[in-house]
Amino acid sequence: CSRNETQGYACLIVFENRNCGSPNGGCQQLCSGGRCYCYGGYHSKNYFYCADINECGYNNGRGPCAHYCYNTVGSYYCSCRNGYYLDERHSCLRVDCGRPPVPGCPSHSYHDQFGAACQTISIPSCKTTYLSDCYLNCPENYRRALIGSPSLPGKAFAQDYSEVNFTGPSRVRCEGKKYWTDHSVITRLYCRRTNDPPTDLRLNSLTINEHSPVNTIVGLLSTSDYQSGQSHRYTIQHSKGYYIFYISGTELRIKIKPRYQSSLNGVNS
């Protein structure tokens, strides 16, 4: 066989036999026109017999393969190192995981006077091929969090702070099977606001006696806050209310002695 034939090509005419009348002309594999032939992947041996070609026997044992070559009887096959995949039998291409599949915040996410409770994770420019890392970032005052669908009807997405699980990786890596590390987690990962305003603002009393002295307590203020360790203070926003009342801690007190007086515009003072 020629040099090319030792590298995996079919062995051509090997020996011209008398004829093909005897069983297969004495040829081990093929006989045609009084000549012996070998199947592809074999070379002639002692004229009538064919032996397997070791297609992996050159290129430092890789043969025609980019990474790994495995010889079989009459053939061979290639495989690739971890993080690569076989392309057109011989070539190995690096796995590309694509952009990390973080979701966007749903359109029905919760908003209030302080802004959006949910933000989409930002991913700075990064390579997405095997063993490359990408970082998952959140804006200031937000943290990575797993947020499920609201458990109560009428609640918006990410509204209930008590149902938010602040967890999740800050970095992911492209693995050998076209998946990012923590793939099942990052498909449910968002940025959630870390400091929600207190809810259920209450004043336990709404009346005060006429002519009560200055500094009399009108009532006590209270709120609900799911976030442990948070502090807050109460302020009066309305200019006229600020003239009449002041707040000391959780106590709403009066600055002036109250006196009932009817007025044409319906305001009592």
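Which residues lie nearest the centre of the largest pocket? They are Asp196, Pro197, Pro198, Thr199 and Ser224. This report starts from that pocket and then moves through the rest of the model, which is a predicted one.

## The pocket and the overall fold

The largest pocket has a volume of about 720 Å³. Its lining is made of 27 residues. Two strands, β18 (199–203) and β19 (217–224), each give at least two residues to that lining.

The protein chain holds two helices and 21 strands. It has 269 residues, and 29% of them are buried. Take the contacts in the chain with a separation of 6 or more: residues 24 or more positions apart account for 49% of them.

## Two nonpolar cores

In soluble globular proteins, nonpolar side chains tend to be buried together. Here the largest nonpolar core has 16 residues. Ile121, Leu136, Trp180 and Ile186 have the most contacts inside this core. The elements that give two or more residues to it are β14 (142–147) and β17 (189–193).

Another core lies apart from that one, with 10 residues. Among its members are Ala117, Phe157, Phe166 and Tyr190.

What does Ile121 touch, leaving out residues up to four places away in sequence? Its partners are Arg99, Val102, Leu136, Asn137, Cys138, Arg144, Leu189, Tyr190 and Cys191. So Ile121, from the largest core, touches Tyr190, a member of the 10-residue core.

## Aromatic rings

How many aromatic pairs does a search of the whole structure find? The search finds three. Two of them are described here.

Tyr70 and Tyr77 are a stacked pair, because their ring planes meet at 15°, under the 30 degrees that sets the limit for stacking. Their ring centres are 4.9 Å apart. Tyr70 is partly exposed, at 35% relative accessible area. Tyr77 is also partly exposed, at 44%.

Phe157 and Tyr190 form an edge-to-face pair. Their centres are 5.1 Å apart, with 65° between the planes. This pair links distant parts of the chain. Phe157 is in the loop between β14 and β15 (164–165), Tyr190 is in strand β17, and 33 residues separate them. Are these two residues buried or exposed? Phe157 is buried, with 5% relative accessibility. Tyr190 is buried too, at 9%.

Two rings have a charged side chain over the face. Arg89 lies over Tyr76, at 4.3 Å from the ring centre. Lys255 lies over Tyr242, at 4.0 Å from the ring centre.

## Enclosed space

Rolling a probe the size of a water molecule over the atoms shows where empty space is left. In this model there are two cavities of 30 Å³ or more. The largest cavity holds about 60 Å³ of space. Its lining consists of Ile147, Gly148, Pro150, Ala156, Phe157, Ala158, Gln159, Asp160, Glu163 and Val164. Phe157 thus has several roles in this picture: it lines the largest cavity, belongs to the 10-residue core and pairs with Tyr190.

## Loops of note

Most residues other than glycine have a negative phi, and most peptide bonds are trans. Asn59 has a positive phi, near 55°. Asn60 has a positive phi as well, of about 55°. Asn59 lies in the loop between β5 (49–52) and β6 (68–72). Asn60 is placed in the loop between β5 and β6 too. Their exposure is given in the table, with that of Glu175.

| Residue | Relative accessible area | Class |
|---|---|---|
| Asn59 | 34% | partly exposed |
| Asn60 | 74% | exposed |
| Glu175 | 38% | partly exposed |

Where is Glu175 found? It is in the loop between β16 (171–173) and α1 (183–186). Glu175 and Leu131 are 44 residues apart in sequence, yet 6.1 Å apart in space, C-alpha to C-alpha. Leaving out residues up to four places away in sequence, Glu175 touches Val95, Cys97, Tyr130, Trp180 and Thr181. One of these, Trp180, is among the residues with the most contacts inside the largest core.

Definitions and conventions: Residues are numbered from 1 along each chain as its sequence is written. This is a predicted model: local features need pLDDT of at least 70, side-chain atom pairs count only at pLDDT 80 or more; totals for chains, interfaces and linings use all residues. Side-chain values use heavy atoms; hydrogens and water are left out. A nonpolar core is a set of buried Ala, Val, Leu, Ile, Met, Phe, Trp, Tyr and Cys residues joined through side-chain atoms within 4.5 Å. Buried means under 20% relative accessible area, exposed over 50%, partly exposed in between (1.4 Å probe, protein chains only). Helices (H or I, at least four residues) and strands (E, at least two) are DSSP runs, numbered from the N terminus. Contact means heavy atoms within 4.5 Å. Rings of Phe, Tyr and Trp (its six-membered ring) pair if their centres lie within 6.5 Å; planes under 30 degrees apart count as stacked, over 60 as edge-to-face and the rest as tilted. A charge sits over a ring if NZ of Lys or CZ of Arg is within 6 Å of the ring centre and within 35 degrees of the ring normal. On a 1 Å grid over the protein atoms alone, a cavity is a set of points where a 1.4 Å probe fits but cannot get out, and a pocket is an open set with protein on both sides within 12 Å along at least five of seven lines; lining residues have an atom within 4 Å of a point. Grid points are joined across faces, edges and corners, and a volume is the space filled by probe spheres set on the points.
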